[in-house]
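Dear colleague,

I am handing over the structure we talked about, and below it you will find my notes on what turned up in it. Please read them with the model open beside you.

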Amino acid sequence: MKPSQMFHSGTLLSMPVILLLAIACGLSVANIYYVHPMLNVIAADLHMNTALAGSVITATQICYACGLLFLVPLGDLLPRRQLIIGQMLVSALCLLFVATASGATSFWIGIGLIGGLAVVAQTIIAAAASMCAPQQRGQTIGFITSGIVIGILLARVLAGLLTDLAGWRSVYGCSAAALLLIVALLYRYMPATPAPSTRPSYSQLVLSTLQLFCELPVLRVRALLAMMIFAAFGTLWTALVFPLSTAPFYFSHSTIGLLGIAGLAGAIAASRAGIWADHGWAQRTSGIALALLVLSWVFMWNMYHSVWFLIIGIIVLDLAVQAVHVTSQSMILSTRPQAESRLTGAYMVFYSIGSALGSLAATWVYAHYGWNGVCWLGLSFSGSALLCWTLTRRMSRVPVSVVASSSTGHCKSTG
């Protein structure tokens, strides 16, 4: 038996392989977020002016969106195992380039490339969805998404610790070493993925992503939901540092960062939501999660009465966002198995738009209306998502488990 097939039993991905894929996703996405707590240190070391330093995070997100549009579709053209390993190798080289950057320009270019290549996480999700049994798809997507959530959560904490211990360059050096180790494990244990049977040109592939929006109501609806829920997510995490660093809290930046630990609830929700989607409860799970998303802002509105209201609100918000995110991916990826990478890329573009929109709006709203204004903003995004789900529930109804029924002989609705 070949090493790459060692853990691949029938049509079911084994837990060791799923765990490996989750870790690979977490490490890849974490590369985008390391820079956040280190930006002032990097700017001072590389003599960046304020404008250039502030553009680093924006450039990373723009490059990530470009990667979703132009790199992720390659998964429907090339064997995904080779594509994933290749992208992660290039990512490791870019991380080493950033770790040894001698000036602001080289750092800016390197961090942009890292942002674009981080979309390999979405290629991994599409590959996992195609490799696992249909009745395992939602659970697998949920588990791997948990890896992404944990990667985002721990990135800021690890970056801060390593920067204090060995400087900011050590963060990117250690990340490069970790990626190279994961590449070696993927090469040995990840099941082989054949090239797609149909091989359109690259330009046709990219253009067909737009065609999928025209053809699939569920993609349009779920992409819109993604934009609104991640706008709410971005609203919270962008604005939160401002009130917590002033009276009456006066929290340090380290303490504020530790509040992200509450986001582990999101990782738990991601795994459970995938299981519920496999049981045909994707729409129901989405509706309940969106109602909880609205409720979370009621808790956070009262944080000046007790910080525990804030902690409860963070837990509920992260749980709700990840539950909707996973059920959306499960529903979308079941529609066109031959276009899983394009579907993932198209959907995640709206995730990026929503995150950017929430971050930009939250900064302006807090400056003019304070924390109450931020809560109104988050509540508006969340309420709009719930209203959208209510109005389009039947339109976006997809028999996710119909795909599973092809192997079991049963059919179950996603209601």
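The structure, which is a predicted model, holds 5 salt bridges. As general background, side chains of opposite charge can pair when their charged atoms come close.

One of these bridges forms between Arg169 and Asp45, whose closest N and O atoms are 3.4 Å apart. Because Arg169 lies in helix α8 (residues 168-189) and Asp45 in helix α2 (residues 35-45), the pair ties together parts that are 124 residues apart in sequence. Arg169 counts as partly exposed, at 29% relative accessibility, and Asp45 is also partly exposed, with a relative accessible area of 36%.

Are the partners of Arg80 found in buried or exposed places? Arg80 meets Asp76 in a salt bridge at 2.8 Å, N to O, and Asp76 is buried, with a relative accessible area of 2%. Arg80 also meets Glu340, here at 3.1 Å, N to O, and since Glu340 lies in helix α16 and Arg80 in helix α4 (residues 80-99), this pair ties together parts that are 260 residues apart in sequence. Glu340 is buried as well, with a relative accessible area of 1%, and through shared partners the salt bridges join Asp76, Arg80, Glu340 and Arg342 into one network. Arg80 itself counts as buried, at 8% relative accessibility, because the cut-off for buried is under 20%.

Turning to the nonpolar interior, the largest nonpolar core has 125 residues, and those with the most contacts inside it are Leu21, Phe107, Tyr172 and Leu186. Helix α16 (residues 340-392) gives the most to this core, with 17 residues. If neighbours within four places in sequence are left aside, the residues in contact with Tyr172 include Tyr34, Met38, Leu95, Phe107 and Ile111.

Phe107 and Ile111 are among the buried residues of α5. In this helix (residues 104-117), 10 of the 14 residues are buried, so α5 is largely enclosed by the rest of the structure.

On the surface, a nonpolar patch of about 560 Å² is made by Ile150, Leu154, Leu158, Leu161, Leu258, Ile261 and Leu264. Helix α7 (residues 137-166) gives the most to the patch, with 4 residues, while Ile261 lies in the loop between α12 (253-258) and α13 (264-278) and counts as partly exposed, at 36% relative accessibility.

For the protein as a whole, there are 17 helices and 2 strands, and buried residues make up 55% of the 415 residues.

With best wishes

Conventions:
Residues numbered from 1 in each chain as written. Predicted model: local features only at pLDDT ≥ 70, side-chain atom pairs only at ≥ 80, totals over all residues. Heavy atoms only, no water. Buried < 20%, exposed > 50% of the residue type's maximum accessible area, 1.4 Å probe, protein only. Patch = residues over 30% accessible without salt bridge, like charges linked within 9 Å, V, L, I, M, F, W, Y side chains within 5 Å. Areas by Shrake-Rupley, 256 points an atom, 1.4 Å probe, with all protein chains shown as cover. Salt bridge = Lys/Arg side-chain N within 4 Å of Asp/Glu carboxyl O. Core = buried A, V, L, I, M, F, W, Y, C linked by side-chain atoms within 4.5 Å. Contact = heavy atoms within 4.5 Å.
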